[in-house]
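Thanks for coming. I have one structure to go through today, so let me put it on the screen.

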Amino acid sequence: MRRPVSALLMAGLVAGFLAGCAATPRGRLPGPVPSGVEFRPAPDDAPPAPALTVELTDGTTLDLAEQWDERPVALVFFETWCTRCADQQGPINDVVDEYEDEVLFVGVANLSEPADVAAYVEENDITYPVAADPTGDAWLMYAVAEAPLVALVSKGGSLLRGWPEGVTGQELSTTIADLAVR
Amino acid sequence: MRDPVAPRAAEGRAARRRKGGVALTAGLCLAGLLTACSGGGAGAEDTQAVRLVVPDANIREPSDPCSGARAFRYAHPEAAYEVLSGGDVLAAGALPEGRAEKAFSLDLGSERQPTVCVMSLEVPASVDLADAELMIGEHGPVPILPNPAFDDTPEAVLR
């Protein structure tokens, strides 16, 4: 009777090991916008979001204006030493899953070391693209005084909301539904 | 003829030795734990706190965790600092996370209000902070001076 139990345990361990080894996708860009999804028009008084091109941690560049031509964009400004950023990341990841191909999320770090950013992405299971902004241009244009800050941009490029000190997953999800995605 | 009592006595002695060994091990572990907890282990050193005030006037709730904001973003957790005097490095380390303190002693009617970010740097107690200055990376130096409002706690205010 012990042998089947041992074999079962071993099989479980191997399966767990293989599952653990399966690489979680990082830097994922959304696929095509699902059919039937509609985006809400931005309010008339919403200011234009600062357009910029950021360099991602994989060395490629991302033109934000090209992205919000397709769908809303959420910018997540963070630093690797920011405990509040890490605390908020799990619920933000849930919202990323909720709006998988409807909203693009982009992380933007400023002063953090590239190796620390890579470790932070792994530790916090971030699947969306992350940009390094060593010059701080993106932080300046979005008036980020201190991490975290989350900014929501509509399809078409209007700044809908900014959350200094970050945002809860619930509020982010609700706001996207109220202001950006029908 | 074997003494039937002898094996039991021997077993009893062995058991007592085992118990004694366990007690000794537990005692040593406890002593080690207490030493580690009290910070009295070899290499541990008494420290003195230096208040680092980052006057960024950022809007936060007092006591929130913080790092330097806006022009003071260089003053962030993990940033390297040095305490200097006459060109000599007296102490060095990495900045800890800060806590927000009210920038003004006024009731502004809101939990979120202008704050400064205050970090507590632990430097060896043996360091003489008279005439000492603080550098954060390439920023500084700023003088470290006793602050009478906090029992003459040594304080550096960035500018």
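I will start with the contact between the chains, then take the spaces in the model, and end with the salt bridges.

One thing before that: this is a predicted model. Every value I give is computed from it.

Let me begin with chain B. Its secondary structure comes to one helix and nine strands. Along the sequence the helix comes first, and the strands follow it. Of the 159 residues in chain B, 31% are buried. If you take the contacts in chain B between residues at least 6 apart in sequence, 60% of them join residues at least 24 apart.

Now the contact between chain A and chain B. Twelve residues of chain A take part, and 18 residues of chain B. The size of an interface is often given as the accessible area lost when the parts come together. Here chain A and chain B bury about 1200 Å² between them, and 40% of that is on carbon and sulfur atoms. Which three residues supply the most on the chain A side? They are A:W81, A:A145 and A:E146, with 51% of the area that chain A buries against chain B.

Three salt bridges run between chain A and chain B. A:E146, which I just named for its share of the buried area, forms a salt bridge with B:R60, and the closest N and O atoms are 2.8 Å apart. There is also a network of salt bridges that links A:R84, A:E165, B:D64 and B:R112.

B:D64 deserves a closer look. The residue is found in the loop between β1 and β2 of chain B. Is B:D64 buried or exposed? Its relative accessible area is 11%, so B:D64 counts as buried. Leaving out residues up to four places away in sequence, B:D64 touches A:R84 and A:E165 from chain A, and B:G98, B:R99 and B:A100 from chain B.

B:R99, one of those contacts, has a salt bridge with B:E97, at 3.9 Å from N to O. B:R99 is partly exposed, at 44% relative accessibility, and B:E97 is partly exposed too, at 29%.

Next, the spaces, and I will take the largest pocket to begin with. Its volume is about 290 Å³. The lining has 24 residues, and those nearest the centre are A:E146, A:A147, A:P148, A:E165 and B:N58. So which elements supply at least two residues each? They are α3 of chain A, together with β1 and β2 of chain B. The largest share, three residues, comes from β1 of chain B. By class, the lining has 13 nonpolar, three polar and eight charged residues.

There are two cavities of 30 Å³ or more. The largest cavity holds about 50 Å³. Its lining draws on both chains: A:E79, A:W81, A:C82, A:W139, A:E146 and A:A147 from chain A, with B:S67, B:G68, B:R73 and B:H76 from chain B. That lining divides into four nonpolar, three polar and three charged residues.

The second largest cavity holds about 30 Å³. Its lining is made up of A:V76, A:F78, A:C85, A:Q88, A:Q89, A:I92, A:Y120, A:P148 and A:V150. Two elements of chain A, β3 and α3, give two or more residues to this lining. The largest share, four residues, comes from α3 of chain A. By class there are seven nonpolar residues, two polar and no charged.

Last, the salt bridges within chain A. Over all chains the count is 14, and I will pick out two. A:D125 and A:R26 meet at 3.0 Å, N to O. A:D125 lies in the loop between α4 and β5 and A:R26 in the loop between α1 and β1, so this pair ties together parts 99 residues apart in sequence. A:D125 is partly exposed at 40% relative accessible area, and A:R26 is partly exposed at 27%.

The other pair is A:D101 and A:R28, where the closest N and O atoms are 2.9 Å apart. A:D101 sits in the loop between α3 and β4, and A:R28 in the loop between α1 and β1, so the parts tied together here are 73 residues apart in sequence. A:D101 is buried, at 18% relative accessible area, whereas A:R28 is partly exposed, at 32%.

That is what I have. I will take questions now.

Definitions and conventions
Residues are numbered from 1 along each chain as its sequence is written. Chains are lettered from A and ligands numbered from 1 in the order in which they are written. This is a predicted model: local features need pLDDT of at least 70, side-chain atom pairs count only at pLDDT 80 or more; totals for chains, interfaces and linings use all residues. Side-chain values use heavy atoms; hydrogens and water are left out. On a 1 Å grid over the protein atoms alone, a cavity is a set of points where a 1.4 Å probe fits but cannot get out, and a pocket is an open set with protein on both sides within 12 Å along at least five of seven lines; lining residues have an atom within 4 Å of a point. Grid points are joined across faces, edges and corners, and a volume is the space filled by probe spheres set on the points. Ala, Val, Leu, Ile, Met, Phe, Trp, Tyr, Cys and Pro count as nonpolar, Asp, Glu, Lys and Arg as charged, and the others, Gly among them, as polar. Buried means under 20% relative accessible area, exposed over 50%, partly exposed in between (1.4 Å probe, protein chains only). Contact means heavy atoms within 4.5 Å. Buried area is the accessible area (1.4 Å probe) that two parts lose on being put together, summed over both. A salt bridge is a side-chain nitrogen of Lys or Arg within 4 Å of a carboxyl oxygen of Asp or Glu.
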